[in-house]
Amino acid sequence: VIDMALSRDPRGVLELGGVSLVSVAEAAGTPSYVYDLDAIAAEAKALDAAFDGHPHLVAYAVKANSAGRIVRTLIAAGCGADVVSGAELDLALRCGAAPDRIVYSGVAKTDSELDAALGAGEAGIGAIQVESVEEIPRIEARARNAGRIARVSLRINPGVDADDLETHSYIATGHDEAKFGVPLTSLAEALDRFASASSVRLVGLSAHVGSQLTSAEAYLIAARVLFGVIKQVRPRFRLDFVDTGGGFGIDYGEGCPARPADFIRATRKLQDQEGLSDLALYCEPGRSLVGSHGVLLARVIQRKSALARDGSTRRWTMIDAGMNDLMRPALYQARHRIVGLALPKEAAGAPSAHRVVGPVCESSDDFGTHDLAPPPEGVLDGVVVLDAGAYGYTMASRYNGRALPAEVFLEGGRIVAISPRRAQADWVSERVGAGA
Ligand code: LLP
C-alpha cells in the first residue's frame, strides 16, 4: 500500500504528483528529495478549513522543511511561521511571512536573535515564546533598548509523560525533565514578572508536548492542561490567543488514523466547552504539512548477498543516499517505507527481503529491511524512500564528505524547480582550506 500522492505509470514506474520519478532522477540526479507542492498547499488548506471560520493561525514549523519554495507555498496557502532561530526568522520574513504571523520558540535565544524578533516590521513579530522565567527580564531589557513593546506568549511545560503520548522519547518535549517551557511550578513567578515588565505584553499561552502524535486524544492531554492554566491567567492578563503547538502525526506505514484537521476540530470543541472561544487558536504543525508529500529518491549502487552461518541468505541493497541525507532512522530508529522505483519484471519472481543501507561508514547507516527486487533491464535501478518531506533535508549533513542532496519541486504535474546537489568538490576545497 502506498500513499495517495504516489502512483505507478503504465510501465510500473513510480510517479509523485503525476511526474515520473525516473524523469526526476534523470533531470536532477540522485540522491534527491522530491516534493509535491500541490499536495502541500492542499494539506494547508484542509487544515485551515478545520477551524471553520474561528480566528486562528497555522504557524508552519519551518524546521520541518525550510526550502524557500515550500515556505512560500505554505504562506500563500494562508500559513504563518513558527521559527526557532534567528536564521529561520530571517528565512520566514524573506519568504513573505507577515511579522505578526510569526511565533518564535526556543529555549536559548541570543540577544541578537531577540533583537531581530523585536525589530521585525512595525511592531516586532506576533509572539516571542517565553520558555523560562529567566528569559523575561532579558526580553524586557532588549525591548526597552529597542523602544518597543515585546509581544510574548508563555510556553508552559504541562508535565506530560512521553509514555502517555506514545511517541519516541527524543521527540517528546512536555515532560518534567525536558528543557522546554515553563513548568507549572514556576507559573506564578513568571506571571509576576510579566506584571512588572512594562515593555513586555503577554498576549498568549502555548504548549508543545511532542511530535508524531497519532491521536487527537494525546494532543488534548496537553491542551486540557493549557486551557486550565489560561483560566487562571485571564483575570490578570488580556490574552489574544492560545497556541496548542504542533505534533500532528503522519502515517509512516504503521497508521495514523487522525488527520491534522481532526486534531484541530477536537481542540476547537474543547476550547468552546472550556468557555474560551473568544481566543484565537494557534497551532504549530511542521511534519503533517510536508512529511507525506516528499520522497527521497536514490539510485542502487550495488546489491550484495552472503550466506549466513545458519545457512540463510542475507541480502543488502546499497543505495546512494545515506544517514547523512536522511537521519531519522539512525537518530530515532524511525522506519520509512522503501519501494522500488520501478516494478520488477514479472518473470523475476517475488521480491525478497533486503537490508537497505547507505554508503556511510556507520552501522546505523541502515534504513531497515524491505521487500525489493531489481527492475527490468533498461529501467533505472532506484528506490524511493517514502514520507521524507519533513525533517529530511533540514537535518542532512555532509558527514563522510558527502554532498547535500538535490531538491526537486513539482507543481501542476511537472518539475517547476530543481535546487541542484552541491558539488562534492566544494566540500573538499572547504575542508582542505580549514585552518590553512
Ligand atoms: N513547535 C515546537 C515548539 C516544536 O518544537 C516543534 C517540533 C514543532 C512545533 C513542530 O512539530 P511537528 O508538527 O513537526 O511534529 N526531528 C524530529 C522531530 C523533531 C520535532 C521538534 N519540534 C523527527 O524527525 O521526527
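The radius of gyration is taken here over C-alpha atoms, and the value expected of a globule follows from a rule of 2.2 Å times the number of residues to the power 0.38. In the predicted model examined here, the protein chain has a radius of gyration of 23 Å, which agrees with the value near 22 Å that a compact globule of 436 residues would have. The C-alpha trace spans about 75 × 55 × 45 Å along its principal axes, and the secondary structure of the chain comprises 13 helices and 21 strands.

Of the 436 residues, 55% count as buried, while the accessible surface of the protein chain amounts to about 18400 Å², with 50% of this area belonging to carbon and sulfur atoms. Among contacts in the chain with a separation of 6 or more, 72% are accounted for by residues 24 or more positions apart.

Within this chain, E284 lies in the loop between β13 (280–283) and α11 (287–290). E284 is buried yet has no salt bridge, and R155, the nearest side chain of opposite charge, is 6.1 Å away; a salt bridge would require a side-chain nitrogen of Lys or Arg within 4 Å of a carboxyl oxygen of Asp or Glu. The side chain of E284 does, however, make a polar contact with the side chain of Q129, at 2.7 Å. When neighbours within four places in sequence are left aside, Q129 is also one of the residues in contact with E284, together with A59, A61, D82, V103, S105, H208, D243, G245 and G246.

Methods: Residues numbered from 1 in each chain as written. Predicted model: local features only at pLDDT ≥ 70, side-chain atom pairs only at ≥ 80, totals over all residues. Heavy atoms only, no water. Helix = DSSP H or I, 4+ residues; strand = E, 2+ residues; numbered from the N terminus. Buried < 20%, exposed > 50% of the residue type's maximum accessible area, 1.4 Å probe, protein only. Lys, Arg positive; Asp, Glu negative; His and termini not counted. Polar contact = N/O pair within 3.5 Å; in protein donor to acceptor, adjacent residues only side chain to side chain. Contact = heavy atoms within 4.5 Å. Areas by Shrake-Rupley, 256 points an atom, 1.4 Å probe, with all protein chains shown as cover.
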